[in-house]
Each structure stands twice: as structure tokens, then as C-alpha cells.
Amino acid sequence: MAQTSRRRILSPLATAQRRVAAPGSRSRRSLNDLRRALRGVHSYLPTPFHGNLEIDPEGMRQNAAFYAEAGVQPLSLVVAAGLGELFSLGFEEHREVVSAAADGGGGRLPVVAGVRGGYRFALRMARNAEEAGADAILIFPPAGGPQTLEGQRRYFTEIAQSVGIGVLLYPRTQRDDWSSLLEGLADLPNVMGFKDGSRGIDLGRSLGVRTRKRLVWTARGEEHALQALPAGATAYATSFASLAPRACHDFWRLGARGEAKGMETLFRERIAPLAAIRRQLPLPDRSPGFGVAAIKAALESLGRAGGSVRPPKLPIGPTAGIAEIAARYSELTQT
């Protein structure tokens, strides 16, 4: 059975309507509006592949349109990032994936595109994302092993200044002086915020009042968000929103209000049960966090675009266990 037969097929008219304007030419939010829109849930989406491991842009377009039509806001779509197997994408593939997400989202949800690699590689990828219609980029730590703080400052600064769209930073967090780096980078007009990989609250709390107001502090995953949102973080990144966007939004909203006990209850009842899909993965992918293959298998079981994974990730076929968990706890309609 072809993969597309398990997915909702858009009518030719609906597809044509979504393609009236090229993604790169559609009007974007102002930087101030974008900063406000990024305060919420950052939904990390996998990159759909066909059975031959070629990218599936139409699958990405349909997935993005599905989330945009669901009406859950504030919600940002983060594509071609860690869960999106950015490390395995070529330049043209990266551009096509971002373009498909921007096209499907139709301007209703911000689209954030991952950027990583060596200096010239990352510069080209950032411009790629801007031209493809992304609202912002997420710059991953620079390649090349340990770097000085000043070297990383230059890396993030020059990439941010190469585009006119929003910029989110994902700095390494093994250092005690990251707050000084972020304080300086916050002066760049298009720097919107940072993803906090520390899994703690010290980095966010160490920022000055002005910087905290300007930068979107994004927690990494639900366990981190349980600490960070009540402590002042304004967004959180999750792969769960690809399966349960409303639950993730409600979890974020409780955190933004400082309702820690409510967050814990919601997480336990509506989000944590989805973690069981990870137990279907082969080792070593069965580790804390969420394996790309499991998320993709869950999406496929619900009629959405997912497909397999590219090496060195290990593939996983459809399993009754994943399908059962997804059907019970996700919010996606099976087709």
C-alpha cells in the first residue's frame, strides 16, 4: 500500500489555493509581532520521507496545514531541526522542506527553520531558510569542537546579521558565562530568544531584566518546562505537540500562569503516556527524549506523513504498540 493512501489527500483546488503566493514573497510578521507569537509552544516536526528516503515535501505541506487549521495558538512549527534530521539534509532539500512548511502554514503559524554546521555552511542555510519563507531560524551550536566564548559570539552574530528574519539561539550550556553572551546578542534587532539546553533555571534567571523582556526563554521538553515556565520561561520546545498540540498548549498555559501543580497533573494524564512509544525503539535510540522513528511511526498510524528515517538513525516499522498508544492519547484524527 502506498504511503499516501493512508493520509488525507488535499483537493486540487485547496492545494492550488495554498500555492497562490510563493512562500518567500508572502508578508511576514513584524519582528515585534513575531517575538510575541514565539511565546508559546514550539512544536518540533519530523521531516517526512518517502520509502526510498527521498524527502516528501507534500507530506510536510499537509502536516503544516493540518496544525495551522487546528487553531491551536500560540504554536510555532520548528522544521528541519534536530527532530527533523537536519544533519541528513542537503541544501536544496532543506530549502524545499522549509518552503513546504511555510506554504502549508500559510502565515497562520510561525515557521522556524533549523540552521547548523560550519561557518559558510550555516550562513548559506540561514539565507536558504529566509528565501524559502521561514519566519525565523534556530541556530544550533557551531561545529568544530570546543570554542571560545568570543568565537561563538562572532558565529551567532554574523549568521543573525546575514538575514532579516527572526533568530533563535541554541548555545552550548556547559559554561557559566552564557548569560553575558546572550546579554550582548540581545542587542541585535532580530534576535528573538534562545533555547535553553541547560535543563535548569539558572541561565534564564541570570539574565538582566531588559534581556528577559526582549528574549523568548524556551525550555527544552516537558520536564525542563515544569521548572522553567513557573520560573519565568516564556516558551517550551517539544516533539509531543506533533501528536497532542492542544494538551501541550494547555500545559504551557498553566506554566505561564505559574500553576505548577496543574502542569504536573496535565503532564501525567495527557502527555506522559505518549512516552511509551519510545519503548518500541531499538537501542540506543531508546533513550530519554523522543526518537524520531517512533514519532514518525505514530504519525503514520494516524494517517499523517512520517515515513522512515535516514542513517545513522535506525528505522522502525509500524507496530501495534505505537498505533495503540497514538490512537488513545494523540489528538490527531485518523483517516
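Start by selecting Phe251, which counts as buried at 0% relative accessibility. Everything on this tour belongs to a predicted model, and each stop names what to select and what is there.

**Stop 1: around Phe251**

Keep Phe251 selected and add Tyr236. Tyr236 is buried too, with a relative accessible area of 0%. The ring centres of Tyr236 and Phe251 are 5.2 Å apart and their planes stand at 65°, so the pair is edge-to-face. Colour the two elements involved: Tyr236 sits in strand E8 (residues 235-238), while Phe251 sits in helix H11 (residues 245-256). The two residues are 15 residues apart, and the pair links distant parts of the chain. Now add Phe267, since ring pairs link Tyr236, Phe251 and Phe267 into a cluster.

**Stop 2: the whole chain**

Zoom out and show the cartoon. The protein chain has 14 helices and eight strands. Of its 335 residues, 56% count as buried. Among contacts in the chain with a separation of 6 or more, 73% are between residues 24 or more positions apart.

Next, colour by confidence. The chain averages a pLDDT of 88, and 87% of the residues score at least 70. Select residues 1-24: there pLDDT stays under 50, and the model has 46 contacts beyond four places in sequence for this stretch. Where pLDDT is low, the predicted coordinates should not be read in detail.

**Stop 3: Phe66 and Tyr67**

The structure holds six aromatic pairs. Select Phe66 and Tyr67 for an edge-to-face pair, with 5.6 Å from centre to centre and 85° between the planes. Are these two residues buried or exposed? Phe66 counts as buried at 15% relative accessibility, because the limit for buried is under 20%. Tyr67 also counts as buried, at 3% relative accessibility.

Stay on Phe66 and add Arg304. Arg304 lies over the face of Phe66, at 4.4 Å from the ring centre. For another case of an arginine over a ring, select Phe91 and Arg124: here Arg124 lies over the ring face at 3.8 Å from the centre.

**Stop 4: the nonpolar core**

In soluble globular proteins, nonpolar side chains tend to be buried together. The largest nonpolar core in this model has 108 residues, and the members that touch the most other members are Tyr67, Ile137, Leu169, Tyr236 and Ile271. Tyr67 and Tyr236, both from earlier stops, are thus on this list. Which helix gives the most to this core? Select H13, which contributes seven residues.

Then centre on Ile137 and show its surroundings. Leaving aside neighbours within four places in sequence, Ile137 is in contact with residues including Val112, Ala113, Val115, Ala126 and Ala129. Also in contact with Ile137 are Ile159, Val163, Ile165, Gly166, Val167 and Leu168.

**Stop 5: salt bridges**

Side chains of opposite charge can pair when their charged atoms come close. A search of the whole structure finds twelve salt bridges.

- Select Glu85 and Lys296. Their side chains meet in a salt bridge of 2.8 Å, N to O. Glu85 is in the loop between strand E2 (75-79) and helix H4 (91-105), Lys296 is in helix H13 (residues 292-301), and the two are 211 residues apart. Glu85 is buried, with a relative accessible area of 0%. Lys296 is likewise buried, with a relative accessible area of 0%.
- Select Arg310 and Glu93. Their salt bridge is 2.7 Å, N to O. Arg310 lies in the loop between H13 and helix H14 (320-329) and Glu93 in helix H4, with their positions 217 residues apart in the chain. Both Arg310 and Glu93 are buried.
- Select Arg270 and Glu331. Their side chains meet in a salt bridge of 3.9 Å, N to O. Arg270 belongs to helix H12 (residues 260-271) and Glu331 to the segment after H14, 61 residues apart. Arg270 counts as partly exposed at 31% relative accessibility, and Glu331 is partly exposed with a relative accessible area of 32%.

For the last selection, take Glu58, Arg61 and Asp103: salt bridges that share partners join these residues into one network.

Methods: Residues are numbered from 1 along each chain as its sequence is written. This is a predicted model: local features need pLDDT of at least 70, side-chain atom pairs count only at pLDDT 80 or more; totals for chains, interfaces and linings use all residues. Side-chain values use heavy atoms; hydrogens and water are left out. pLDDT is the predictor's confidence in each residue, from 0 to 100. Contact means heavy atoms within 4.5 Å. Rings of Phe, Tyr and Trp (its six-membered ring) pair if their centres lie within 6.5 Å; planes under 30 degrees apart count as stacked, over 60 as edge-to-face and the rest as tilted. Buried means under 20% relative accessible area, exposed over 50%, partly exposed in between (1.4 Å probe, protein chains only). Helices (H or I, at least four residues) and strands (E, at least two) are DSSP runs, numbered from the N terminus. A charge sits over a ring if NZ of Lys or CZ of Arg is within 6 Å of the ring centre and within 35 degrees of the ring normal. A salt bridge is a side-chain nitrogen of Lys or Arg within 4 Å of a carboxyl oxygen of Asp or Glu. A nonpolar core is a set of buried Ala, Val, Leu, Ile, Met, Phe, Trp, Tyr and Cys residues joined through side-chain atoms within 4.5 Å.
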